[in-house]
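User: Could you take a close look at one part of this structure with me? I am new to this and would like to see how helices pack against each other.

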Amino acid sequence: MSVVTVQLGQCGNQIGFEVFDALYSDSHCPQGLCSERENEAYQASSKERFFSEEENGVSIARAVLVDMEPKVINQTLSKAAQSGQWKYAQHSCFCQKEGSGNNWAYGYSVHGPRHEESIMNLIQKEVEKCDSLSGFFIIMSMAGGTGSGLGAFVTQNLQDQYSNSLKMNQIIWPYGTGEVIVQNYNSVLTLSHLYRSSDALLVHENDAIHKICAKLMNIKQISFSDINQVLAHQLGSVFQPTYSVEGSCHYRRNPLGINWQVRPPLPGLPTLGKVSLNRELHFNTSIANLVILRGKDVHSADLGGFKDPALYTSWLEPIDAFNVWKTQRAFSKYEKSAALVSNSQFLLKPLDTIVGKAWNMFASKAYIHQYTKFGIEEEDFLDSFTLLEQASENWISFSLRS
């Protein structure tokens, strides 16, 4: 079961390189804690999932690189080739420079449709190399300009053409202090479109990763490269196989390792009108938690705290909402590591902040002309605001305890 990665824009291509580099390096790390059979199975599964045929002993990443500027793609190709161990296929890259500036609406409404056939043909060629396709991993910025708009467009096309394959988007939540003046507009538009077309969003916050670099890694001058490497190791520790002692691979049962979507309450479950709004809102209430333990002492780890019913909705038992995967095969250079992937209310507050700031700008018509000139009308903004408000309310309604 193979995964085709789509790297979009400067953010997606820089992170994508670090992800593939981390995956390859990890799969070729010498390991002393697991059996030789387990390690060989781990390496074979990782290679099948993320890399295709070899050329002169060099593995080829299952990836398509898309950007509007050649500089980042050329740098990414060069860095991968310099490793001498893996590389990107030259024909898997698409770059068409156009003088539009950095604009979400241009990426979604103009650049995407104009080059749709070329981009989707590249993706199809990668899909055809897979003996069995499990899904797509799309790496992109949430608040960026043209790349984010194009990412939303490409994800929508993947949903149309590969409706039976999982589409997972890895998105970077922008710094709270702001990177671009219209980042809240871009975030609202990106999230609302991905909500319709993506099967799962894997979110990393720039502020949180920055704190890891500063406080845990003691990096004085933090660069985007530092942040991207932390992201890559977090993603790698989630996506690499987790073979049990018996030798069965969890990812053969669950292709991308993660398969939970935020959906409105099912019939018969509590709705917003049936719960007491006077009760305290638990912003970390979850409907699914997955803990992945790798390396030394994994079988003696105390995970009792994750089985506390208070962490989950009233209509889910912890046994149904919590899962743990363990393997003695360590990840990369770490003696032992733990990764938590949580489908929870953690992002409701940041989402509310972004939507609120975007609405305040929209109410004063600030910068709207940058979007309307490329076909994103005020009605599109209103639809996006409405969808995200409804999604937030749905999350509150089926996570509040009655």
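Analyst: Here is a walk through the helix packing, with a short look at the chain as a whole and at a few loop residues.

Please keep in mind that this is a predicted model. The chain holds 14 helices and 12 strands. Of its 402 residues, 52% are buried. Among contacts in the chain with a separation of 6 or more, 81% join residues 24 or more positions apart. The chain exposes about 18400 Å², and carbon and sulfur atoms supply 49% of that area.

Now to the helices. Two packed helices are described by the angle between their axes and the distance between the axes. Let us use this pair of values on three contacts.

Start with α5, residues 116-128, and α6, residues 146-161. Their axes come within 11 Å and cross at roughly 60°. Angles from 65 to 115 degrees would count as roughly perpendicular and those under 35 as roughly parallel, so α5 and α6 are oblique to each other. The crossing in which α5 passes α6 is right-handed. On the α5 side, the contact is made by Glu-116, Ile-119, Met-120 and Ile-123. Facing them from α6 are Leu-150, Phe-153, Val-154, Asn-157, Leu-158 and Gln-161. Sorted by class, this contact of α5 with α6 has seven nonpolar, two polar and one charged residues.

Helix α6 also packs against α7, residues 183-197. Here the angle is about 10° and the axes are 9 Å apart. That angle is under 35 degrees, and therefore α6 and α7 are roughly parallel to each other. From α6, the residues in this contact are Ser-148, Ala-152, Thr-155, Gln-156 and Gln-159. From α7 come Thr-190, His-193, Leu-194 and Ser-197. By class, the contact of α6 with α7 divides into two nonpolar, seven polar and no charged residues.

Further along, look at α8, residues 206-216, and α9, residues 224-239. Their axes come within 9 Å and cross at roughly 100°. This angle lies in the 65 to 115 range, which means α8 and α9 are roughly perpendicular to each other. Helix α8 brings Asn-206, Ile-209, His-210, Ile-212 and Cys-213 to the contact, while α9 brings Asp-226, Ile-227, Val-230, Leu-231 and Gln-234. The residues of this contact of α8 with α9 are six nonpolar, three polar and one charged.

The loop between α8 and α9 is worth a pause, and Ser-223 sits in it. Its relative accessible area is 31%, so Ser-223 is partly exposed; that class covers values between 20% and 50%. Ser-223 is 13 residues from His-210 in sequence, and the two are 9.2 Å apart in space, C-alpha to C-alpha. You have already met His-210 as one of the α8 residues in the contact with α9.

To finish, here are two other loop residues to find. Asp-297 lies in the loop between β10 (286-295) and α11 (318-321). Its phi is near 65°, a positive value in a residue other than glycine. With a relative accessible area of 41%, Asp-297 is partly exposed. Lys-365 lies in the loop between α12 (348-363) and α13 (369-372). Lys-365 has a positive phi of about 60° although it is not a glycine. Its relative accessible area is 46%, so Lys-365 is partly exposed.

How values were computed: Residues are numbered from 1 along each chain as its sequence is written. This is a predicted model: local features need pLDDT of at least 70, side-chain atom pairs count only at pLDDT 80 or more; totals for chains, interfaces and linings use all residues. Side-chain values use heavy atoms; hydrogens and water are left out. Axes are lines fitted to C-alpha atoms, for helices over the stretch in contact, and angles run from 0 to 180 degrees between N-to-C directions. Helices (H or I, at least four residues) and strands (E, at least two) are DSSP runs, numbered from the N terminus. Angles under 35 degrees count as roughly parallel, over 145 as roughly antiparallel, 65 to 115 as roughly perpendicular and the rest as oblique. A crossing is left-handed if the near helix is turned anticlockwise from the far one by less than a right angle, and right-handed if clockwise. Contact means heavy atoms within 4.5 Å. Ala, Val, Leu, Ile, Met, Phe, Trp, Tyr, Cys and Pro count as nonpolar, Asp, Glu, Lys and Arg as charged, and the others, Gly among them, as polar. Buried means under 20% relative accessible area, exposed over 50%, partly exposed in between (1.4 Å probe, protein chains only). Accessible areas come from the Shrake-Rupley method with a 1.4 Å probe; for residues, only the protein chains shown count as cover.
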